Amino acid sequence: MSDLICIHELEVFYHVGVPDDERAKAQRLLLTVEMERDFSSAAATDDLNETVDYFEVSQCLLGFGKGREWKLIEKLAVEIAECVREDFGVEKVSVEVKKFVIPEARWVSVRVAR
């Protein structure tokens, strides 16, 4: 399958980090979510119900961290991937989480595919 919808570098603020003090304050992360699904029917009918509503996905992700925290971005990425697959009918999904914690590096990232 080659049909792909991407949300690139969605800015979110989640509580994540191994030390308690790092998790105490929400930190800026960038999420890239690539969703594979056959949307030939959507292209033929011009019907939003036949594809993935990327606005709804982005709204879900913006609120995903509310009241939650993670030690590892690996776990966060897997949970996001599972949510997108289950809640939005996506056949395959990849999620990249970028975190800005090492001053000498532009970012650290984790990428998972499900």
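Reader: Why are α3 and α4 called oblique to each other?

Author: This is a predicted model, and the angle comes from its atoms. The axes of α3 and α4 cross at roughly 140 degrees. Angles over 145 count as roughly antiparallel, and 65 to 115 as roughly perpendicular. The value of roughly 140 degrees falls in neither range, so α3 and α4 are oblique to each other.

Reader: What else describes this pair of helices, α3 and α4?

Author: Two packed helices are described by the angle between their axes and the distance between the axes. The axes of α3 and α4 come within 11 Å. Their crossing is right-handed.

Reader: Which residues make the contact of α3 and α4?

Author: From α3 come E56, V57, C60 and L61. From α4 come I80, C83, V84 and F88.

Reader: How many residues of that contact are nonpolar, polar or charged?

Author: Seven are nonpolar, none is polar and one is charged. Glu counts as charged, so E56 is the charged one.

Reader: What makes L61 a buried residue?

Author: Buried means under 20% relative accessible area. L61 has 0% relative accessibility, so it counts as buried. L61 is found in helix α3. Not counting residues up to four places away in sequence, L61 touches L10, V12, Y14, L31, V33 and I80.

Reader: How do you know that S58 is buried?

Author: Its relative accessible area is 12%. The cut-off is under 20%, so S58 is buried. S58 lies in helix α3 too. Leaving aside its neighbours within four places in sequence, S58 is in contact with I7 and L10.

Reader: What is the strand order in the sheet?

Author: The order is β3-β1-β2-β4-β5. The sheet is open, has five strands and shows mixed pairing.

Reader: Why do β3 and β5 stand at the edges?

Author: Each has a single partner strand, so one side of each is left without a neighbour in the sheet. β3 covers 69-70, and β5 covers 108-113.

Reader: Which helices pack on this sheet, and which strands do they meet?

Author: Helix α3 (residues 54-63) touches β1 and β2. Its direction makes about 15 degrees with that of β1. Helix α4 (residues 73-88) lies across β1, β2, β3, β4 and β5. It runs at about 145 degrees to β4.

Reader: What makes β1 and β3 a pair?

Author: Two strands pair if there are at least two bridges between them. Two bridges join β1 to β3, so they meet the cut-off. These strands run parallel. V16 stands opposite W70 in β3.

Reader: How many bridges join β1 to β2?

Author: Nine bridges join them, and the two strands run antiparallel. L10 has L31 as its bridge partner in β2.

Reader: How many bridges pair β2 with β4?

Author: There are eight bridges, in the antiparallel sense. In β4, V95 is the bridge partner of V33.

Reader: Why is β2 described as largely enclosed by the rest of the structure?

Author: Seven of the ten residues of β2 are buried, so the description fits. Across the 114 residues of the protein chain, 40% count as buried.

Reader: Why is E91 called partly exposed?

Author: Under 20% is buried and over 50% is exposed. E91 has a relative accessible area of 42%, so it is partly exposed. E91 lies in the loop between α4 and β4. Its C-alpha atom is separated by 5.5 Å from that of R37, 54 residues apart along the chain.

Reader: What is noted about phi in E9?

Author: Most residues other than glycine have a negative phi. Phi of E9 is near 50 degrees, a positive value in a residue other than glycine. E9 has its place in strand β1. Its relative accessible area of 38% lies between the two cut-offs, so E9 is partly exposed.

Reader: Is D46 buried or exposed, and how do you know?

Author: D46 has a relative accessible area of 74%. Exposed means over 50%, so D46 is exposed. D46 lies in the loop between α2 and α3. Its phi is near 60 degrees, a positive value in a residue other than glycine.

Reader: What pattern does the protein chain follow along the sequence?

Author: The pattern is β-α-β-α-α-β-α-β-β. That is four helices and five strands.

Definitions and conventions
Residues are numbered from 1 along each chain as its sequence is written. This is a predicted model: local features need pLDDT of at least 70, side-chain atom pairs count only at pLDDT 80 or more; totals for chains, interfaces and linings use all residues. Side-chain values use heavy atoms; hydrogens and water are left out. Contact means heavy atoms within 4.5 Å. Axes are lines fitted to C-alpha atoms, for helices over the stretch in contact, and angles run from 0 to 180 degrees between N-to-C directions. Buried means under 20% relative accessible area, exposed over 50%, partly exposed in between (1.4 Å probe, protein chains only). Angles under 35 degrees count as roughly parallel, over 145 as roughly antiparallel, 65 to 115 as roughly perpendicular and the rest as oblique. A crossing is left-handed if the near helix is turned anticlockwise from the far one by less than a right angle, and right-handed if clockwise.
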